[in-house]
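Biologist: I am new to this structure and would be grateful for a close look at a single part of it. Please describe that part step by step, and then place it beside another region.

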Amino acid sequence: MNDLHDAPGTAHTARTAPTAPAETPPVLAVLHSRLNSSLGGAARAWLDQALDEAAAHPGTDGPVPVWELRMAEAGRRCGPEHAEAARVLLLHAARADAPTLARVYRQGTADERRAVLEALPHLVDGPEALPVVEDALRTNDTRLVAAAVGPYAARHLDAHSWRHAVLKCLFTGVPVDTVADLPRRARADAELARMLVDYAAERTAADRPVPDDLHRVLALTGHPATPTGTDTGTGTDGKES
Amino acid sequence: MRIFDPHIHMTSRTTDDYEAMYAAGVRAVVEPAFWLGQPRTSPASFYDYFDALLGWEPFRAAQYGIAHHCTIALNPKEANDPRCVPVLDELPRYLVKDHVVAVGEIGYDSMTPAEDTALAAQLQLAADHGLPALVHTPHRDKLAGLRRTLDVVRESALPLDHVLIDHLNEITVEEAKDAGCWLGFSVYPDTKMDEERMVEVLRKHGPEKVLVNSAADWGRSDPLKTRKVADALLAAGFTDDDVDRVLWRNPVDFYGLSGRLDLDVAGTDATHEGNSILRGVPKTAEA
C-alpha cells in the first residue's frame, strides 16, 4: 500500500507530466507515470485536464476551487484503486500548502483524507501540518492510522506521540512495516521499549498472544525486554524533550 | 442469495447487526442521512454526521464484507428548525463526493412551508449534481403527503424516474407507480409494511422498480427484514430471479443512476491493515 514511499527515485526514467510543476519530486513523477500507464483513455484525459486546472488555478476562484471538486470525484473517474494516486498528484499540482491541506482533510471523505496524509511529506517541509497527522492518529480507522505513520510523521512527530502511534499500530493490527523510518526512530528508545514490554505483559496476563511485530520493534530499540517494576533505569533517553 | 438493503441507518446499529446481515446475504447497503432521534441544534452536528457517513461507517461496513454508500440531505423534520437550515448551503460540497449515490432522505414530515422550500431546493441540487433522489413519504397524512410530494417533483428539474418514493404501502403504491417513480417499501416489526403484505403488493404490482428495505434505525426495527421478505417471496412461489431483481438488481439500477456505485468490497477492504472494530480476535480463534 505504500506505493508512494517505496517507489524508486529514478526521475529520469519517468515521464513527467507537462503540467506538473517543474519541481516534481521523483517519487511523484514515478507515481504519475505508473498511474498514466494504468488508466484507460477517458480516465487519463480526465486526469490530465484536472491536473492542468489545478496547476493553473490553485487558489480559490469560486465557492470551491475546481481542483477540490476533482479531488472529490477521483474515485469514480479513475476507479477506486487509482483514486489515491490521482488525488496526491492533484494536491501537488495545486501546490497545496498546510492550511489548504488541513481544509481538504477536514472536508474530505476517508479516502480523501488518506490522500492528504500521503501527500504531506511531498508538500510540507515544516511541522505545521502535524495537526492533520494527530487527527488521523486519534481515529479508529486503520486506513487513516496507516497513512498517518508515513515519512511526515517520522520527520516531525514528537517522541511521545510517535511511541503511541507505534503502539496503536500494534493494538489495531497495522503492520509496523507501515511505520516510516522505524529503525532510526526506535533505536535506543528506552521508553518505547518499556511500553512494548508492558503491553506484552498485559497480553500474556490475559492469555493472549503477543504480536510478532512487537518483538521486532523491541529488537529495534536495542533494549532488553524488562517490564515496568523492574529496574531498567530512568525510562527516558532524551528523546522525550 | 445476495441482498442490497437500499435504506438502513447503520450508524445506529451494532457490529452484531453487521455480522448477522452478512450471514443473511446482505452485501451492500445505502445509508440515507436522516434524523437521529435527538434533534440537532447546529449545522456542525450535521457535518460531523455526514463525515461519518463518508468515513467511519463505510470502514465499519467493510470490516464485515458489506459495501456502504450514503445519501446526503437535510431531512424534512429538521428543515423546520431555522438553526439547521444553513446546512442546505453546505450540501453541494458533500454531493460531489464519491459514494454519495443520491440526495436523501428528503420529502415531507408535517408538510410545512419550510419543508416545501427544503424539498424543492434539494430536488434541484439532485438535478444539478446528476444524482437521483430518495424521497420519503410522511408517516402522518400519507396519501395527501404523497400527492403533494409528486406535485413538487413534477415541478422540479429532476425526472420522475430519478426519484425513489419510500415508505410506500397498499394505499400509496398505485399513484407513485403511475407517476413513473421507483417504489420503496420499508418492512418493520410493527409499523410500515410486513413480509406478508409485501408479498401481496408484489403479486399485485409486480417487481418492476420495486425496492424493499429494512429502514432499520435507532427505533424498534430489524436489519434482517430484507432477508425475511426474500424468504417469504420464495415461499409464496416467486422465483430466485424475482427475488434477485427486487433485493439486488433494482437497488443497483436505481442508485447506479448516480454513476458512483462501487460494489467491490474487496477493493475497499480495510482488514488487511488490521481490525480496530473486532478489538482482538476471540481467544479460541487464537489458540
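Modeller: The model is predicted, and a suitable part to begin with is the pairing of strand 7 (residues 182–186) of chain B with strand 8 of chain B. These two strands run parallel and are joined by four bridges. Within this pairing, F185(B) stands opposite V212(B) in strand 8 of chain B. The connection also involves a helix: strand 7 of chain B, helix 9 (residues 195–205) of chain B and strand 8 of chain B make a right-handed β-α-β unit.

Strand 8 of chain B, which comprises residues 210–213, is covered on both faces. In a regular strand, side chains alternate between the two faces of the sheet. Here V210(B) and V212(B) lie on one side, L211(B) and N213(B) lie on the other, and these four residues are all buried. V212(B), the residue opposite F185(B), is thus one of the buried residues of strand 8 of chain B.

For another region, one may turn to chain A, which has 14 helices and zero strands. Of its 241 residues, 43% are buried. Helix 5 (residues 80–93) of chain A has 14 residues, which at 1.5 Å a residue should span 20 Å; its end C-alpha atoms are 20 Å apart, in agreement with that value. Because 11 of these 14 residues are buried, helix 5 of chain A is largely enclosed by the rest of the structure. Among the buried residues are E84(A), R87(A) and H92(A), together with A83(A), V88(A) and L89(A). Just after this helix, R95(A) takes a positive phi of about 50°.

Notes: Residues are numbered from 1 along each chain as its sequence is written. Chains are lettered from A and ligands numbered from 1 in the order in which they are written. This is a predicted model: local features need pLDDT of at least 70, side-chain atom pairs count only at pLDDT 80 or more; totals for chains, interfaces and linings use all residues. A residue is buried if 20 or more other C-beta atoms lie within 10 Å of its own, exposed if 12 or fewer, and partly exposed in between; C-beta atoms are placed from the backbone. Two strands pair if DSSP finds at least two bridges between them. A crossover is right-handed if, with the strands pointing away from the viewer, the path from the first strand over the helix to the second runs clockwise. The expected span of a helix is 1.5 Å times one less than its number of residues.
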